[in-house]
Number of protein chains: 2
Amino acid sequence: MHSPKLLSLPVSLLLVCTAAVAQTPAAVPADPLPSWNAGPAKQAIVDFVHATTDKASAKFVAPEARIATFDQDGTLWVEHPLYTQVMYCLEKVPALVAKKPELKGVEPFKTVLQVLGGDRAAAAKLSLHDLEVVAAAALSGMTVEQFTRDVQQWLSTAKDARWKRPYTELAYLPMLELLRYLRANGFKTYIVTGGGQDFVRVYAEAVYGIPPEQVVGTAGATTYGYANDGTPVLRKEPKVLLNDNGPGKPEGIHLVIGRRPLAAFGNSTGDQQMLEYTGAGDGARLEMLVLHDDAKREYAYGPARGLPATKVGTFPPRLDDLAKQKGWTVISMKDDWKRLFAFDAAP
Amino acid sequence: MHSPKLLSLPVSLLLVCTAAVAQTPAAVPADPLPSWNAGPAKQAIVDFVHATTDKASAKFVAPEARIATFDQDGTLWVEHPLYTQVMYCLEKVPALVAKKPELKGVEPFKTVLQVLGGDRAAAAKLSLHDLEVVAAAALSGMTVEQFTRDVQQWLSTAKDARWKRPYTELAYLPMLELLRYLRANGFKTYIVTGGGQDFVRVYAEAVYGIPPEQVVGTAGATTYGYANDGTPVLRKEPKVLLNDNGPGKPEGIHLVIGRRPLAAFGNSTGDQQMLEYTGAGDGARLEMLVLHDDAKREYAYGPARGLPATKVGTFPPRLDDLAKQKGWTVISMKDDWKRLFAFDAAP
């Protein structure tokens, strides 16, 4: 016998119940990229994943060949106004000087101490070569385990000056979604960074879900030897083995991965060759450039449409022209991303 | 009602049936290492895997940290009397001379041509430096894709002189079982070879189930550039970036993997530092040395118990002493392996 109560329910309510059932996650797949606005960038990603993972697709790729490479600074997290690793190196100077007091009066250490003492204007005096000298001193001489512990320690307290948050919170939420989406579709995700391989490995697993063996970066030599108690140790040397920037990116990809990526993501001229090399392979390819055109929520610099290059020397004005010529997809932070960071309020 | 036929079956037959059921693979797990004789080597492997993968074990290791590294030549496949890659380089000399006829009268190419012409005794004149000169010529100048195709082509026809079989069939069956057993237990298996990284990558997936990104080897530099039609290419240079032998093995492991292995397998002094480095980590560790003490089924050379070193200069006589001192497990080919190759008749 029918329940008089059910029969008495209005038709509209029954329709609402039916709609609710249809909207459960099991019935309608959740958007894997919820922080991306609909548009050509999001569409290019979804189309690429379908083309390479659908067995019925002419461009289907076996799971083992699904390699995606990501630049880090400016592509996966904030790089402005200074790379996080440069901040680390500068902030190591007081400890270096404490250990070797004779460095106190020697450039570039002298200027770095002035900057850290509050004289921000003095930073303009530091050349790229100066930064290399500081980096060589800050990134060598210790064992690889000592270095890892020191970076972990620094990251646990250091904060970005604008957001007053640990640097590890400044990863772009849309890119974290993209990494997860690709991995859920059988892609192996790699970082291919001009930054230090050992530095990025310290936090890549926690921040991006990328294990140490999937971080390719500028790599210093290590030397195998023995501590005083006979324990084998690997000590970091002030000698660059792989300069993983520009043409060094495809070279580093070949050295560490040994396969050509299907997809590559970058934001600067240092990524040009990685994107070219990726795009020169057969079948479905995806090359994307993150454009920093969001002065309000992040920064506007580089080759954004008509915006001034605020980071002189790093970005030529016409990387977006190259993207057009090559058929690369530009990701506009302003237009394509609903939310930038996980700590941002949901839109 | 009971069937009179069933009741009439003798008790002994019923017992046989019960025993047969108990012996199905589902009831008794198959031996994952069927080509290994019972003994301390096999036991050490099984104990190590249980200790690191049983969640109740005090030495349990999370899957992402389960890294095992294997030397190739002499550990995973036959290296005697010459490394396969040396054969490849020597056999490339006629093609090199055809391209550059002036090399014909120049050493060491002249001697190599004599050896290939049948004068096997002339091989004794070739020094290690001569082989390096030939290798540099044979392994550089082409794009990485051209090199891969050429090695594939060579491997499809080249044969070992003793077994008259392709080199790729000379992988040790017990080690193939070990690789599979470790992978089935969540280990990531890497080759860490003094041989050429690009050379080994060509066949590592087909022979060992090890993908290119899990091959660490002696690596030459590549240079990114453009072919005449503008296509981006990586060209192999005659310059060594990583000499992945001896102390270079832990250095290469750090460069490419960035984690200390839990288990390492080798057979020569070139593997000593890799095994030391592996053993110096915390928790359960497994370091094993393959001992070539089977003159009948393979070769006897190196630091085997009292056997003469037939490969002078490569193996000091006391690597087995080092193994005892360090607590490494020696794998005796003669005693520990039932079958050497997949093409051997089952014992």
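This is a tour of a predicted model with chains A and B, stop by stop.

Residues are numbered from 1 along each chain as its sequence is written, and chains are lettered from A in the order in which they are written. Because the model is predicted, local features need pLDDT of at least 70 and side-chain atom pairs count only at pLDDT 80 or more, while totals for chains, interfaces and linings use all residues; side-chain values use heavy atoms, with hydrogens and water left out.

**Both chains**

Show chains A and B together. A turn of 180° with a shift of 0.0 Å along the axis lays chain B on chain A at an RMSD of 0.0 Å (least-squares superposition on the C-alpha atoms of residues with pLDDT of at least 70 in both copies). The two copies are thus related as by a two-fold rotation axis. To find the axis from chain B, select Val256(B): its C-alpha, at 2.8 Å, comes closest to the axis among the residues of that chain. The same surface serves both copies, since 97% of the contact residues of chain B recur in chain A (contact: heavy atoms within 4.5 Å).

**Helix 10 of chain B**

Stay with Val256(B) and extend the selection to helix 10 of chain B, residues 248-256 (helices are DSSP runs of H or I, at least four residues, numbered from the N terminus). How many of its residues are buried? The count is 9 of 9 (buried: under 20% relative accessible area, with a 1.4 Å probe and protein chains only). Among them are Lys249(B), Glu251(B) and His254(B). Gly258(B), which follows the helix, has a positive phi near 75°.

**Aromatic pairs in chain B**

Next, show the rings of Phe, Tyr and Trp. Over all chains there are 34 aromatic pairs (ring centres within 6.5 Å, using the six-membered ring of Trp; planes under 30 degrees apart are stacked, over 60 edge-to-face, the rest tilted). Select Tyr88(B) and Phe147(B): with centres 6.1 Å apart and planes at 90°, the pair is edge-to-face. Tyr88(B) belongs to helix 4 (residues 84-99) of chain B and Phe147(B) to helix 7 (residues 144-157) of chain B, so the pair ties together parts that are 59 residues apart in sequence. Tyr88(B) is buried at 1% relative accessible area, and Phe147(B) is buried at 2%.

Move along helix 7 of chain B to Trp154(B), whose partner Tyr167(B) lies in the loop between helix 7 and helix 8 (173-184) of chain B; the pair therefore ties together parts that are 13 residues apart in sequence. Their ring centres are 5.5 Å apart and their planes at 10°, so this pair is stacked. Trp154(B) and Tyr167(B) are both buried.

**Rings in chain A, and a charge over a ring**

Switch to chain A and select the aromatic cluster that includes Trp77(A), Tyr88(A), Phe147(A), Trp154(A) and Tyr167(A). Then go to Arg165(A), which lies over the face of Phe343(A), 4.0 Å from the ring centre (NZ of Lys or CZ of Arg within 6 Å of the ring centre and within 35 degrees of the ring normal). In chain B, the charged end of Arg165(B) sits over the ring of Phe343(B), also at 4.0 Å from its centre.

**Asp336(B)**

Asp336(B) is in helix 13 (residues 333-336) of chain B and is buried, at 8% relative accessible area. Beyond its neighbours within four places in sequence, its contacts include Ser35(B), Trp36(B), Asn37(B) and Val330(B).

**Cysteines**

Finish with Cys89(A), buried at 5%, and Cys89(B), also buried at 5%. Over all chains the disulfide count is 0 (a pair of cysteine sulfur atoms within 2.5 Å).

How values were computed:
Buried < 20%, exposed > 50% of the residue type's maximum accessible area, 1.4 Å probe, protein only. Helix = DSSP H or I, 4+ residues; strand = E, 2+ residues; numbered from the N terminus.
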